Amino acid sequence: MEIIRYFCIVKRLDYIFRLLCLSVFIFLTAASKAQGSRLSMLQQMDSVEIGLLTCSPGNEIWSLYGHTAIRFRDPHNNQDLAINYGMFSFHKRFFVLRFVFGLTDYEMGIVPFPMFLVDYASQGRGVVEQRLNLTREEKMAIAQAIYQNYEPANRVYRYNYFYDNCTTRARNILVNHLNGKVQYSVNPSVTSSYRKMTHQWNEYHRWARFGNDLLLGVKADAPTDYIAQQFLPDSLREDFAHAIVIDYNGRKHALVDSTFEVIKINTDNIKSQSSVWDKITPTMVMVTLFVLVLLVTIWEKYRRRVYWIVDLVLLTLDGLAGVVLFAMVFSQHPTVSLNLQILILNPLSIIFVYSVAKQQIAGNRHWYWKVLLVCILLFLAGGLLQDYAEGMYFLAFSLLIRVYSNLWNHQANI
């Protein structure tokens, strides 16, 4: 019985040993094939070219700051693609409202590179490519990251203009898959704010700049470092042009291998969208308002009466604009939540406008004018912390004149 039991144990061990050998053989065979497949893929990467595309600005509001994309050229598989992280549609429900509140979803798209160029050429916009100096392993890592990013579950992302946009996404997909660290040749002592950086590109679009500055708050005037400044396409292009990569062995090489202009800016294809508002600036509007309010107030003093209809209109418009700024408190954009311009465009004005007008008709002054006076003084002091939208100081002085008329001039004449 012991011999039989021993034989069974030996036979079972022999069976297990054979099974183990077979499993190891299958694993090694699969690993060999995978290694061979990986080696084949790496060899194909030798012909792959990956570049950063920087597109010049357009005339539309959303295109004033340019655009960034990635070019992936694989001659072995006859592919020439543009990877674009700026896909969106104006036709989506409540697009503008969602954009203002930081709830806009953008999408990654992949299109044939010639089609990408046709679109920009038709708008007269130029495209510059910076071909990157990459190893075959880095090219494969970037290709795999792009493939994974393009899966339906990953291609949609919550867009944020300063922190997570089409430019920062393209940058991250490239620099995060290098076998080393990118070192940018920048002066860390040279800083700028988000507001000043956007002014570089919307300087000649005064109403677009006015709208941006009206919504941006105190945080938009804080100093930024060079990484934060790469949210703008041309800033990233400039930083890439002088960047070097330090690999894990301490060796250095330039990030960009070569730079060339794919298509030039063609002013003949740029569609002109000029209107009367291109000649009328926000400052002109605010100065005109200030002059009208001043003349009305002088006329009131001469006639020894207060024109309550002027304050009714002024406070109503002021309060409605204030409601918009108050709504920005709930926006997902971090740079709009604290905005000192709400002291002038005050939502309280719409709340008290009826009682203010009622008191004026009765020949009395309303206590809200004292509240507004305090808000105006705080606004003027807040100019040390925040850069205001164009013409806002003239609006403040217009309201200050009406405060004077109702607190002192009016009281002296009743």
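**Exercise 1. Find out how many salt bridges the structure holds, then look at the pair Arg136 and Asp46.**

Step 1. The structure holds 17 salt bridges. The term stands for a side-chain nitrogen of Lys or Arg within 4 Å of a carboxyl oxygen of Asp or Glu. Keep in mind that this is a predicted model, where local features need pLDDT of at least 70, side-chain atom pairs count only at pLDDT 80 or more, and totals for chains, interfaces and linings use all residues. Residues are numbered from 1 along each chain as its sequence is written, and side-chain values use heavy atoms, with hydrogens and water left out.

Step 2. Now zoom in on Arg136 and Asp46: the closest N and O atoms of this salt bridge are 2.7 Å apart. The pair links distant parts of the chain, 90 residues apart, with Arg136 in helix α4 (residues 136-149) and Asp46 in the loop between α1 (2-44) and β1 (49-55). Those labels come from DSSP runs, numbered from the N terminus: helices are H or I with at least four residues, strands are E with at least two.

Step 3. Check the cover. Arg136 has a relative accessible area of 27%, so it is partly exposed, and Asp46 is partly exposed too, at 45%. The cut-offs are: buried under 20% relative accessible area, exposed over 50%, partly exposed in between (1.4 Å probe, protein chains only).

**Exercise 2. Work out whether each partner is buried, partly exposed or exposed in the pairs Arg206 with Glu390 and Asp247 with Arg251.**

Step 1. Arg206 and Glu390 meet through their side chains in a salt bridge of 2.5 Å, N to O. Here again distant parts of the chain are linked: Arg206 sits in helix α7, Glu390 in the loop between α12 (368-382) and α13, and they are 184 residues apart.

Step 2. Arg206 has a relative accessible area of 31%, so it goes down as partly exposed. Glu390 has 12%, so it is buried.

Step 3. For Asp247 and Arg251, the salt bridge spans 3.1 Å, N to O. Asp247 counts as buried because its relative accessibility is 16%, while Arg251, at 53%, is exposed.

Step 4. One more thing to spot: Glu49, Arg71, Arg73, Asp80, Glu129 and Arg131 are joined into one network by salt bridges that share partners.

**Exercise 3. Describe the second largest pocket: its volume, its lining and the classes of its residues.**

Step 1. Its volume is about 420 Å³. Pockets are found on a 1 Å grid over the protein atoms alone, as an open set of points where a 1.4 Å probe fits, with protein on both sides within 12 Å along at least five of seven lines; lining residues have an atom within 4 Å of a point. Grid points are joined across faces, edges and corners, and the volume is the space filled by probe spheres set on the points.

Step 2. There are 19 lining residues, and the closest to the pocket's centre are Met286, Leu289, Leu317, Asp318 and Leu395.

Step 3. At least two lining residues come from each of α7 (206-215), α9 (282-303), α10 and α13 (392-413). Helix α9 gives the most, with 7 residues.

Step 4. Sort the lining by class: 18 nonpolar, no polar and 1 charged. Ala, Val, Leu, Ile, Met, Phe, Trp, Tyr, Cys and Pro count as nonpolar, Asp, Glu, Lys and Arg as charged, and the others, Gly among them, as polar.

**Exercise 4. Locate the nonpolar surface patch and place Trp308 in it.**

Step 1. The patch covers about 580 Å² and is made by Trp308, Ile309, Val313, Leu317, Leu320 and Ile361. Patch residues have over 30% relative accessible area and no salt bridge; nonpolar side chains (Val, Leu, Ile, Met, Phe, Trp, Tyr) are joined within 5 Å, like charges within 9 Å. Accessible areas come from the Shrake-Rupley method with a 1.4 Å probe, and for residues only the protein chains shown count as cover.

Step 2. Helix α10 (residues 308-327) gives the most to the patch, with 5 residues. Trp308 belongs to this helix, and its relative accessibility of 34% is why it counts as partly exposed.

Step 3. Look across to Gln359 in helix α11 (residues 348-361). The C-alpha atoms of Gln359 and Trp308 are separated by 9.2 Å, with their positions 51 residues apart along the chain.
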